[in-house]
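Welcome, and please have your viewer ready. We will go from one selection to the next, with a short note on what to look for at each stop.

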Amino acid sequence: MARPDLEVDVGGGLRLANPVLTASGTFGYGLEHDGIGDVAELGGICSKGLSLAPREGNPPERIAETAAGMLNAIGLANVGVDAFVREKVPALRERRATVIANVFATSVEDFRELARRLDGVEGVHALELNVSCPNVAHGGLEFGVDPKACGAVTRAVRDTTRLPIWVKLSPEASDSVAVARACLDNGADAVSAINTIRGMSVDARTGRIRLANRTGGLSGPAIKPIALRIVWEVHRKLPELPVIGIGGISTVEDAIEMLRVGARAVQVGTASFVDPRAAWNVLDGLRAFCVAQRTTARELVGTAW
Ligand SMILES: Cc1cc2nc3c(=O)[nH]c(=O)nc-3n(C[C@H](O)[C@H](O)[C@H](O)COP(=O)(O)O)c2cc1C
């Protein structure tokens with residue numbers, strides 16, 4: 001097949017070969033898919049959320065299936081930033097992956113320290129600040145729903161690293177545009193939208209609440225309309241700020257819809273649990289679409305009317 005132009009500029013000097021990435025927490029550290037697909041073909045992979053110290057996460061049950069998606073309350077189980085740099089990044093570099101390190105902390109100071117430890121690490125191409133996790137007691141949503149707090153985190157990281165910074169928005173902020181503007185004003189290169197939305201699941205027969213954490217983050221096709229709306233609002237009000245669209249993307253049509261409302265790139269999340277090749281399938285579909293329509297990924301951005 002002909003090779004259409006899929007390259008996208010996501011700000012901060014970072015150009016991705018194509019706009020299809022995998023979403024944090026749904027693709028491990030990018031090394032678990034050997035034999036399933038070549039991670040170098042993707043626009044990028046976002047790591048599982050990294051904290052300063054390793055974390056065990058929440059006790060089980062940590063996931064529950066829902067009618068149009070899933071709930072998770074993993075609680076940011078991860079190997080810690082130092083083990084990521086030592087053990088995962090060299091292997092990702094060998095595979096020539098474009099790596100976005102997703103980071104999480106409970107204080108501005110710890111966000112700054114995470115940025116310091118990742119700054120200058122060869123093979124890490126951008127940081128994604130998770131200020132919007134609903135599954136931890138402190139520091140999750142508190143930053144993401146408050147423009148001032150979100151701006152302060154962004155500024156601290158901006159002052160610490162030259163890596164491109166993406167701030168991951170929460171759908172639970174009452175004014176996503178205000179949060180996005182605070183990110184932009186404090187040096188963010190892009191925002192990614194959206195993280196999960198709090199929900200819960202109960203067994204009708206026994207009354208048992210299914211997640212040990214009681215509530216969890218809803219993801220998958222159920223949240224796509226919300227994600228489209230938020231990406232569209234941010235793009236319309238802040239067209240200079242690149243947006244990475246996330247939420248319920250399973251097919252190429254979902255990805256194209258997200259580009260059309262203004263996303264410059266997309267992340268495939270929950271769909272990878274259904275089909276581990278989901279991101280590659282979306283990419284193949286986008287390539288075919290652009291050839292058939294004689295268009296490019298860039299030309300699709302913001303064309304919803
Ligand atoms: C099991 C699971 C773990 C996740 N872990 C993280 C995480 O560590 N950091 C983060 O920023 N987002 C995390 N997310 C959120 C996803 O990256 C994504 O924003 C969300 O699931 C919406 O996209 P989707 O509907 O395509 O799954 C997680 C989602 C799931 C389902």
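A polar contact here is a pair of N or O atoms within 3.5 Å. Keep that cut-off in mind, and remember that this is a predicted model.

**Stop 1: contacts of the ligand**

Select Gly 269 together with the ligand. A backbone N or O atom of Gly 269 lies 3.2 Å from an oxygen atom of the ligand, so this pair falls within the 3.5 Å cut-off. Now add two side chains. Lys 48 brings a polar side-chain atom to 2.9 Å from a ligand oxygen, and Asn 102 likewise has a polar side-chain atom 2.9 Å from an oxygen of the ligand. Switch on a surface next: of the 600 Å² of accessible area that the ligand has on its own, the protein covers 97%.

**Stop 2: the shell and the pocket**

Widen the selection to the residues around the ligand. There are 24 of them, and the closest are Ser 24, Lys 168, Gly 220, Gly 248 and Thr 270. Try colouring the shell by residue class: 15 of its residues are polar, 7 are nonpolar and 2 are charged. If you display pockets, you will find the ligand in the largest one.

**Stop 3: a strand with two partners**

Now select strand β12, residues 216-219. Which strands pair with β12? One is β6 (residues 69-72), which runs antiparallel to β12 over 3 bridges. Another is β11 (residues 197-199), also paired with β12 in the antiparallel sense over 3 bridges. Centre the view on Gly 217 in β12: Asn 72 stands opposite this glycine, and Arg 198 stands opposite Gly 217 too.

**Stop 4: loops with backbone features**

Most residues other than glycine have a negative phi, and most peptide bonds are trans. With that in mind, visit three loops.

- Go to the loop between β4 (44-46) and β5 (63-66), where Glu 61 lies. Pro 60 and Glu 61 are joined by a cis peptide bond, with omega about -5°.
- Move to the loop between β10 (190-193) and β11, the place of Ile 194. The peptide bond from Ala 193 to Ile 194 is cis, and its omega is near 20°.
- Finish in the loop between α1 (81-94) and β7 (99-103), at Arg 96. Here phi is positive, near 60°, in a residue other than glycine.

Technical notes. Residues are numbered from 1 along each chain as its sequence is written. This is a predicted model: local features need pLDDT of at least 70, side-chain atom pairs count only at pLDDT 80 or more; totals for chains, interfaces and linings use all residues. Side-chain values use heavy atoms; hydrogens and water are left out. A residue is near a molecule or strand if one of its heavy atoms lies within 4 Å of it. A polar contact is a pair of N or O atoms within 3.5 Å; within protein, one must be able to donate a hydrogen and the other to accept it, and residues adjacent in sequence count only if both atoms are side-chain atoms. Accessible areas come from the Shrake-Rupley method with a 1.4 Å probe; for residues, only the protein chains shown count as cover. On a 1 Å grid over the protein atoms alone, a cavity is a set of points where a 1.4 Å probe fits but cannot get out, and a pocket is an open set with protein on both sides within 12 Å along at least five of seven lines; lining residues have an atom within 4 Å of a point. A molecule sits in a cavity or pocket if more than half of its atoms lie within 2 Å of its grid points. Ala, Val, Leu, Ile, Met, Phe, Trp, Tyr, Cys and Pro count as nonpolar, Asp, Glu, Lys and Arg as charged, and the others, Gly among them, as polar. Two strands pair if DSSP finds at least two bridges between them. Helices (H or I, at least four residues) and strands (E, at least two) are DSSP runs, numbered from the N terminus.
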